Amino acid sequence: MEDVQVVSMLVRRCIAGDAAAWEEIVQMYNRRIYNICYRFAGSGSDAEDLAQEVFIKMYRTLSTYDPSKGAFVTWVTTITRNLLVDHFRKTKQDRMTDSMDTAPSDHEDAQPLSEQIQDQSAPPDVHVRRREVSETVHAALGRLSPELREAVILRDLQDMDYKEIATVLKVPEGTVKSRINRGRGELARLLQRTYRQVM
Amino acid sequence: MPDQTSNGMHCNEFDALLTDMLDGVLSGAELDRFQAHARSCKACGPLLAEAEAGRNWLKGLTEVEPPASLVTSILASTTGVDSQRLRAPARAVQPHITWLDRLQASFLEPVWAMVRQPRFAMSFGMAFFALSVGLTVLGIKPGDIAKIPTSPTAIRHTYYNAQARVVRYYDNMRLVYQVQAVARRVKRDVAPAEPGPSKQKTNRNDTTQQPEQKQDRNYSQNDSHLILASAPLGPSEVYPLNRDLPVVSVTTYRRFV
């Protein structure tokens, strides 16, 4: 995924004060970190703020990175995950998997997920339809518990292997696999229920 | 998850192998046992289908594009440097800088920038005007400047001429002359009497040894000379010898020309 030597060189240059090296690191990882934050937090504005916080933390703790302990991308993802957990605790969004009929947001007048899909049914354009499906899956992903959500995000969206995920989440590989299975199953049940109501 | 064994496989084992199955790494007898358990177990069968469906839903999610301002804000909040400004010198090809370019950058451009200011143009115009007026008053024409000799000998000659003119001007000043005259008078009063006229006559034509005496002959001794002036007498009057005549003492002050 990453050329270890190139990244190590970039990190060394960055620690030595090379601003261009730091910019290369930012260019290399901003998309990945933003996507993790977006899928976990659910909104673009939160994801932007969180991604920025991740890089600030990275910048301050870059000298603590030890290449012998793992890949740089694992280190970066660990920082991201820890910050997302902190953010989740601060905002008290400790939501377990809910029914699709519960409101997707804290607003009282917000529509349930099933109603959102029903109102936007049968769009003529395939592209629009695909975008709507993507938004539905994204909304359903936000209904998963944080433990299941982070596991499926790292595995199915970021293509990390189980060992790396175990390192990031600080749990055994078996637990990682179990969480991934449960997360996938829960997501499928949520979406099946949604589309059953739509149909 | 129910804890039961079906077709030689425990449900926990099924759960552990589920990811491998979906990843396509399960094969052989293990795959057969897995599939047999999925068919026979009422809990694990649907779990396999749901996990596969959930994975397919997630695989349908595409990456979202981060905001264009994200990198800029990250760099601004970390290094405090704007990314565009940071990128520009890195991508720009370093041009070859010659000594002429350096001279132009360090000296000519600042000077030219100062010259272009209206204040400097006004000052330069005033200086030129004052110089032209001064040359006109002194009677110097621009054409005369070209006639100025440039050879060392001519320059030396011009220098000595100028020096002589300055000395002459200094000596001819009235105040200086008066001071010099007083000094000479005092010197003469203090000094012993001058040699007799016979000796002077013998050396009359020899002025090289006594230039000052020659000068004094005409001017410096006039103070003590009595010049006799005679009033016009009538024709009836006889002009007797040794008659008392009016004596007029005249002191002249002459200057070198």
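**Exercise 1.** Leaving aside neighbours within four places in sequence, which residues is L50(A) in contact with?

*Solution.* The model is predicted. Contact here requires C-beta atoms within 7 Å. With neighbours within four places in sequence left out, L50(A) is in contact with C37(A), A41(A), L83(A), L84(A) and H87(A).

**Exercise 2.** Describe the largest nonpolar core and state where it lies relative to the domains of chain A.

*Solution.* Step one: the largest nonpolar core has 50 residues, and those with the most contacts inside it are I33(A), C37(A), L50(A), A51(A) and L187(A). Step two: helix 2 of chain A, residues 19-41, gives the most to this core, contributing 11 residues. Step three: because domain 1 (1-94) and domain 2 (98-199) of chain A both give residues to this core, it lies between them. A second, separate core has 10 residues, including F14(B), F34(B), C44(B) and L48(B).

**Exercise 3.** Break down the contact between chain B and chain A by residues, elements and class.

*Solution.* Chain B gives 32 residues to the contact and chain A gives 35 residues. On the side of chain B that touches chain A, two or more residues come from each of helix 1 (11-23), helix 3 (44-59), helix 4 (70-78) and helix 5 (83-91) of chain B. The largest share of that side, 9 residues, belongs to helix 3 of chain B. Sorted by class, this side of chain B holds 18 nonpolar, 9 polar and 5 charged residues.

**Exercise 4.** Characterise helix 7 of chain B by its span, its burial and the residue that follows.

*Solution.* Helix 7 of chain B covers residues 118-138, and its 21 residues reach 30 Å from first C-alpha to last, close to the 30 Å expected at 1.5 Å a residue. The count of buried residues among these 21 is 0, so the helix is hardly covered. After helix 7 of chain B comes G139(B), with a positive phi near 80°.

How values were computed: Residues numbered from 1 in each chain as written. Chains lettered and ligands numbered in written order. Predicted model: local features only at pLDDT ≥ 70, side-chain atom pairs only at ≥ 80, totals over all residues. Helix = DSSP H or I, 4+ residues; strand = E, 2+ residues; numbered from the N terminus. Expected span 1.5 Å × (residues − 1). Buried ≥ 20, exposed ≤ 12 C-beta atoms within 10 Å, placed from the backbone. Contact = placed C-beta atoms within 7 Å. Nonpolar A, V, L, I, M, F, W, Y, C, P; charged D, E, K, R; others polar. Core = buried A, V, L, I, M, F, W, Y, C linked by C-beta atoms within 7 Å. Domains from an automatic or database assignment.
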